[in-house]
Structures are given as structure tokens and as C-alpha cells.
Amino acid sequence: MKLFYFFLLTVFLLIFVTSCKLFRNFGDTKIVYIVVSSTANVKDSVKHDAEIIGQVCKGDTIYPIHTHMNSVSFDYNGKKGWVDFSELEKCRIQGKSKVSNMQLSETGNLIADYLKKYGNWKTWIFWVIAAGSIAVVAILIVIGKALENYLYYWCTVEDFAYSKLPHFAAIIGALFSVVYMFWYETVLKAIFVTKFWWMPSGNSWIDWYLWSASLLGILGLLFFWIKHLYHYHIRGLIVIFYYTLTAIVAFVAGLYLGIAVLIIAIVLLVIYVGSSLLEGIGNSIGTEWKGTSKKDQLRKEEEYRIGQRQEKEFWERHNSSKDD
């Protein structure tokens, strides 16, 4: 029960912190460089006599990889190119995903803006949607079970079991959440620029990852459709329609839940590591203090023994002088 309360407190803490405007602005800020010259040469190294591999034009946005001396490097057609600072103007932008060299289509930009607004874990609305989608999926699964109980009389198999399509869709959503969280812009590029869905043409492993996850999702969907038709015959179309809609919601819930679990896991890891370090420092200080106290105790015991010995010697001399 204590673990549950700790988990709940962590969620509320994340909602509170990520609702802070200052935090959102800080996390969504990026340094870029804008070309201010009419044209600027792109070189293959920082050397003065380096080979020119291309040019950038006025107004182009450069996302820096490294800076060295008076030059900045960036990704130029799959190669590392260098441009002199004198040709550029440094800018700090908000909403970095909205400024991109990917040249998304109009639909792509709309979807990217939607994801940025409602799929950003740094905002409170993300956590509300995550909790709401999970609740909706739970309700839809309960209704789906009632629907299957009603259609059970026409079921053609004895090993009856409720559909696991929503659970499967949630797992696929969780698979997408991993790359979406850490490689957001690369995912957008794979969807709207290189268009991975037929056969990945880019060299990025993310294209192949998304393609494999999507293929797994499609095959799983077909499997459940065929299974429902086999179980219920023509009435299986009702189950297929209902659970396909439920699977869409479950996919979204899995996507949000996957990101939320990753964030919470990172926060818990930081808390655990921080508490372990503090505990180690505390134990070290405690051990040192105990060691100091033990030394003081030994010193006092030694002083007491010396005092006892001196007192004994004094009385021995005193008794000896009386005898004389």
C-alpha cells in the first residue's frame, strides 16, 4: 500500500511540476543558427583550406552538433559540415519541433503541432489524456465482454475466451512510445518524409523499427479479425467493428502509458540513486563520528587508568614513609 501511495504521489508531483510554464519553456528551448549571408560555404572540416562540400542560403536553419573555434558543425546531407560563425546568427527558439528542415507537408505540420500540444509529457494535459484514455479503454473492454457474452450463444468453438485485441493494440502503442519519446523529430521524419510504411528507404534504424512494429500490428489485427469471424460467423463483424474502435483507443492509451511509465521510471531511478548517495554520505559521516567518539572514549579510559595508577603509587609512597 505504501508503494501505491508513493507511485500516486510521484504522478501528482510530475503533473504539478510539468504544469509550470518556466519548466516547459526551459525543456522546449534549443539553440539554432540562422544563415544571415546570401550564401555560406559548407566545409568538411574546421581547417581554413578545407574542401567545400556545399552551400547554405540566407534564412536556412542550422541545428548544431558541435562548435569548435569559430565554426559550427551540423548534419549536411548525411555528412558533417562546418560553417563559419561570421555567416550565422545565434538564436534561442521555443517550440523547437515547429522549426525544422524536414519540410513537412501541410498534413504533417498539422499532426506535428497536434502531437506537440497533446503528446508532450511536460504539460499537464498529457497526463489527463493518459489517465482518461486508460479509463475509457477499461470501460470499452467491460462493454466488449458483455457483447461477447451476448453473442456466446452463436459461438462455434468450445474454448471460448474474450478478445485480447485491445491488450495487443496497447502493447503496439507502447512499442511506438519508446522511439516517440526519445527520437521525436526522427519519428516525424520517418512518417512524413522518408515514409517508412511500404518499405524503409532510409538508413535510420527507426524507420525499420516503426515498419516492424506496424507490420506486427497489422498481422495481429488480421489474426483477431479472422478469429472473430471463425467464432461468430457473420455476427463476428459486429465484434470486429467494436473491437477495432477499441483497439484504436487502446493504441493511444498504450502510447501515452508507455511514455508515462518511462518518465516515472526515470524519476524513480533518480530518486533511488539520490537517496542511495545521501544514505551513503550519511553512513560515512556516522561512521566517522562513531570512530571519533570511540577514540574519545579510549582516551578517557586511558586517562582514568593513569589517574588510578598515580593514586595507587601515591598511597604506596605514603604508607612506606609512615613505616619508616
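What share of the contacts in the protein chain between residues at least 6 apart in sequence join residues at least 24 apart? The share is 64%, where contact means heavy atoms within 4.5 Å.

**Before selecting anything**

This is a predicted model, in which local features need pLDDT of at least 70 and side-chain atom pairs count only at pLDDT 80 or more, while totals for chains, interfaces and linings use all residues. Residues are numbered from 1 along each chain as its sequence is written, and side-chain values use heavy atoms, with hydrogens and water left out.

**The whole chain**

Show the protein chain as a cartoon: eight helices and eight strands appear. Helices (H or I, at least four residues) and strands (E, at least two) are DSSP runs, numbered from the N terminus. Of the 324 residues, 31% count as buried. Buried means under 20% relative accessible area, exposed over 50%, and partly exposed in between, with a 1.4 Å probe and protein chains only. Switch to a surface view: the accessible surface of the chain comes to about 21600 Å², and 65% of that belongs to carbon and sulfur atoms. Accessible areas come from the Shrake-Rupley method with a 1.4 Å probe; for residues, only the protein chains shown count as cover.

**Strands β2 and β3**

Select residues 39-43, strand β2. Ala-40 and Val-42 make up the covered face of β2, and Thr-39, Asn-41 and Lys-43 the uncovered one. Add residues 52-57, strand β3, which pairs with β2 in the antiparallel sense over five bridges. Two strands pair if DSSP finds at least two bridges between them. In this pair, Thr-39 stands opposite Cys-57 of β3.

**Strands β5, β6 and β7**

Next select residues 71-76, strand β6. Five of its six residues are buried, so β6 is largely enclosed by the rest of the structure.

Add strand β5, residues 66-68, which pairs with β6 in the antiparallel sense over three bridges. Here His-68 stands opposite Ser-71 of β6. The hairpin of β5 and β6 has two residues between the strands, and Met-69 takes a positive phi near 55 degrees in it. Most residues other than glycine have a negative phi.

On to strand β7, residues 79-84, whose antiparallel pairing with β6 runs over six bridges. The hairpin of β6 and β7 also has two residues between the strands, with Asn-77 at a positive phi near 55 degrees.

Two residues here deserve a stop. Thr-67 lies in β5 and counts as exposed, at 51% relative accessibility. Leaving aside neighbours within four places in sequence, Thr-67 is in contact with Tyr-33, Val-72 and Phe-85. A C-alpha to C-alpha line from Thr-67 to Asp-84, 17 residues apart in sequence, spans 9.9 Å.

Is Trp-82 buried or exposed? Trp-82, in strand β7, counts as buried at 12% relative accessibility. The bridge partner of Trp-82 is Ser-73. Not counting residues up to four places away in sequence, Trp-82 touches a set of residues that includes Asn-41, Val-42, Lys-43, His-66, His-68 and Ser-71. Trp-82 and Val-42 are 40 residues apart in sequence and 5.4 Å apart in space, C-alpha to C-alpha.

**Helices α5 and α7**

Select helix α5, residues 165-182, together with α7, residues 205-232. The axes of α5 and α7 come within 10 Å and cross at roughly 175 degrees, which makes α5 roughly antiparallel to α7. Axes are lines fitted to C-alpha atoms, for helices over the stretch in contact, and angles run from 0 to 180 degrees between N-to-C directions; those over 145 degrees count as roughly antiparallel.

Show the side chains in the contact: among them are Leu-165, Phe-168 and Ile-172 of α5, and Trp-205, Tyr-209 and Leu-210 of α7. By class, the contact has 14 nonpolar, three polar and no charged residues. Ala, Val, Leu, Ile, Met, Phe, Trp, Tyr, Cys and Pro count as nonpolar, Asp, Glu, Lys and Arg as charged, and the others, Gly among them, as polar.

Stay on α7 and pick Lys-227, which is partly exposed at a relative accessible area of 29%. The C-alpha atoms of Lys-227 and Ser-163, 64 residues apart along the chain, are separated by 9.1 Å.

**Towards α8**

Move to His-233, in the loop between α7 and α8 (236-323). The phi of His-233 is positive, near 60 degrees.

End in α8 at Thr-246, which is buried with a relative accessible area of 1%. Not counting residues up to four places away in sequence, Thr-246 touches Leu-140 and Pro-166.

Conventions
Parallel < 35°, antiparallel > 145°, perpendicular 65-115°, else oblique.
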